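Please describe this protein model for a student who is meeting protein structure in the first year. The report should go through the sheets, the surroundings of the ligands and some details of the backbone.

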Amino acid sequence: MAMEIILLGPPGAGKGTQAGLIEEAYGMVQLSTGDMLRAAVKAGTPVGLKAKAVMEAGELVSDDIVSGIIGDRLDELGSETGVIFDGYPRTEAQAASLDEILKSRGRKLNHVIELGVDEDALVDRITGRYTCAKCNEGYHDRHKQPAKDSVCDECGSTEFKRRPDDNEETVRTRMAEYRGKTAPILPIYEERGIVTRVDGMGGIEEVASSIRAILGAPPK
Ligand code: ADP
Ligand code: ADP
Ligand code: ZN
């Protein structure tokens, strides 16, 4: 049966970075509600029009919207494809919806991995974050630069972008949303015995190796 995991952690903890590495190593698919919402904003869809200002303020988009897009996206995947939930669920209502969404599709959560990172380090990670404008590969001004200056390692593009919500002021609101609404969902999964806390303060490869230890040997 396919493996389903949730990567939980405050903004900038490294969820997207690690999800990308797990995708490559395990052949799973990353479902990032943040990426999906940004695509909707860019395309000017009805969801995007509703989400834009909320995201720029660092607040949470409505539970119905995000659970709706997660359900739709899952339906595009074969049942044998495992999923990495990145940035979802973020509230108790979303956690309850995810249970329903998975159950009705014959899927089951295997692991919830919580990435722990100090607040000062989060601000440093977020204010230095940028991505490839073409393939979305993530980079950092100090911690992860392309091998060749200003050329994306993955696709060769020379265009990069920064998120409008990646500024110190909005980050504080996003962290407060995490503490107030998202961290409280951990006990739901702790009761099921599927939570592992990973120290996210180490380097990218160090964190990846801790996660591989939880997931077990990747398929050959
Ligand atoms: P980060 O990677 O920094 O944690 P994301 O890219 O996951 O940020 O999310 C960016 C913004 O998109 C959030 O601040 C919020 O406005 C919105 N968003 C993303 N996922 C969700 C979700 N599951 N529920 C509500 N809002 C969300
Ligand atoms: P999230 O998806 O949790 O918001 P990202 O994966 O986008 O976080 O990481 C935030 C920023 O920090 C990115 O610029 C990324 O390159 C960088 N980063 C990710 N993991 C680490 C790490 N372990 N050490 C240093 N920088 C990191
Ligand atoms: Zn690229």
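The text below describes a predicted model, beginning with its sheets and then turning to its two ligands and its loops.

**The parallel sheet**

Strands of a sheet pair through backbone hydrogen bonds, and this pairing can be either parallel or antiparallel. One sheet of the model is open and contains five strands, which follow one another in the order β2-β3-β1-β4-β8 with parallel pairing. Its edges are formed by β2, which covers residues 29-32, and by β8, which covers residues 195-199, and each of these two strands pairs on one side only. From one strand to its neighbour the direction turns by 25° on average, if the direction of the turn is ignored.

One pairing within this sheet can be followed residue by residue, for strand β1 (residues 4-8) and strand β4 (residues 111-116) run parallel and are joined by four bridges. Ile-6 takes part in this pairing, and its bridge partner in β4 is Val-112. A helix also packs on the sheet, namely α9 (residues 204-215), which touches β1, β4 and β8 and whose direction makes about 160° with that of β4.

**The antiparallel sheet**

A further open sheet consists of three strands in the order β6-β5-β7, and here the pairing is antiparallel. The edge strands are β6 and β7, each of which pairs on one side only. Strand β5 (residues 129-132) is joined to β6 by three bridges in the antiparallel sense, and to strand β7 (residues 160-161) by two bridges, again antiparallel. Individual partners can be named on both sides of β5: Arg-129 has His-140 as its bridge partner in β6, while Cys-132 has Phe-160 as its bridge partner in β7.

**The surroundings of ligand 1**

Around ligand 1 there are 20 residues, and those that come nearest are Thr-33, Arg-38, Glu-59, Gln-94 and Arg-174. Helix α2 (residues 33-43) provides the largest share of this shell, with four residues. When the shell is divided by class, seven of its residues are nonpolar, five are polar and eight are charged.

Several arginine side chains reach oxygen atoms of this ligand: the distance is 2.5 Å for a polar side-chain atom of Arg-174, 3.1 Å for an N or O atom of Arg-129 and 3.2 Å for an N or O atom of Arg-163. How much of ligand 1 does the protein bury? Taken alone, the ligand exposes 560 Å², and the protein buries 97% of that area.

**The surroundings of ligand 2**

Ligand 2 is surrounded by 16 residues, of which Gly-12, Lys-15, Thr-17, Arg-129 and Tyr-139 are the closest. The helix α1 (15-26) and the strand β6 (138-140) each supply at least two residues of this shell, and α1 gives the most, with three residues. The classes in this shell are five nonpolar, eight polar and three charged residues.

The following table lists contacts between the protein and oxygen atoms of ligand 2.

| Residue | Atom on the protein side | Distance to an oxygen atom of ligand 2 |
|---|---|---|
| Gly-14 | polar backbone atom | 2.9 Å |
| Arg-129 | polar side-chain atom | 2.6 Å |
| Tyr-139 | polar backbone atom | 2.7 Å |

On its own, ligand 2 has 560 Å² of accessible area, and the protein covers 91% of it. Arg-129 links several parts of this description, since its side chain lies 3.1 Å from an oxygen atom of ligand 1 and 2.6 Å from an oxygen atom of ligand 2, and this residue is also the bridge partner of His-140 in β6.

**Two details of the backbone**

Most residues other than glycine have a negative phi, and most peptide bonds are trans. Which residue, other than glycine, has a positive phi near 75°? This residue is Asn-136, which lies in the loop between β5 and β6. These two strands form a hairpin with five residues between them.

The second detail concerns the peptide bond from Tyr-88 to Pro-89, which is cis, with omega near 0°. Pro-89 is found in the loop between strand β3 (83-86) and helix α5 (92-103).

Definitions and conventions: Residues are numbered from 1 along each chain as its sequence is written. Chains are lettered from A and ligands numbered from 1 in the order in which they are written. This is a predicted model: local features need pLDDT of at least 70, side-chain atom pairs count only at pLDDT 80 or more; totals for chains, interfaces and linings use all residues. Side-chain values use heavy atoms; hydrogens and water are left out. A residue is near a molecule or strand if one of its heavy atoms lies within 4 Å of it. A polar contact is a pair of N or O atoms within 3.5 Å; within protein, one must be able to donate a hydrogen and the other to accept it, and residues adjacent in sequence count only if both atoms are side-chain atoms. Accessible areas come from the Shrake-Rupley method with a 1.4 Å probe; for residues, only the protein chains shown count as cover. Ala, Val, Leu, Ile, Met, Phe, Trp, Tyr, Cys and Pro count as nonpolar, Asp, Glu, Lys and Arg as charged, and the others, Gly among them, as polar. Two strands pair if DSSP finds at least two bridges between them. Axes are lines fitted to C-alpha atoms, for helices over the stretch in contact, and angles run from 0 to 180 degrees between N-to-C directions. Contact means heavy atoms within 4.5 Å.
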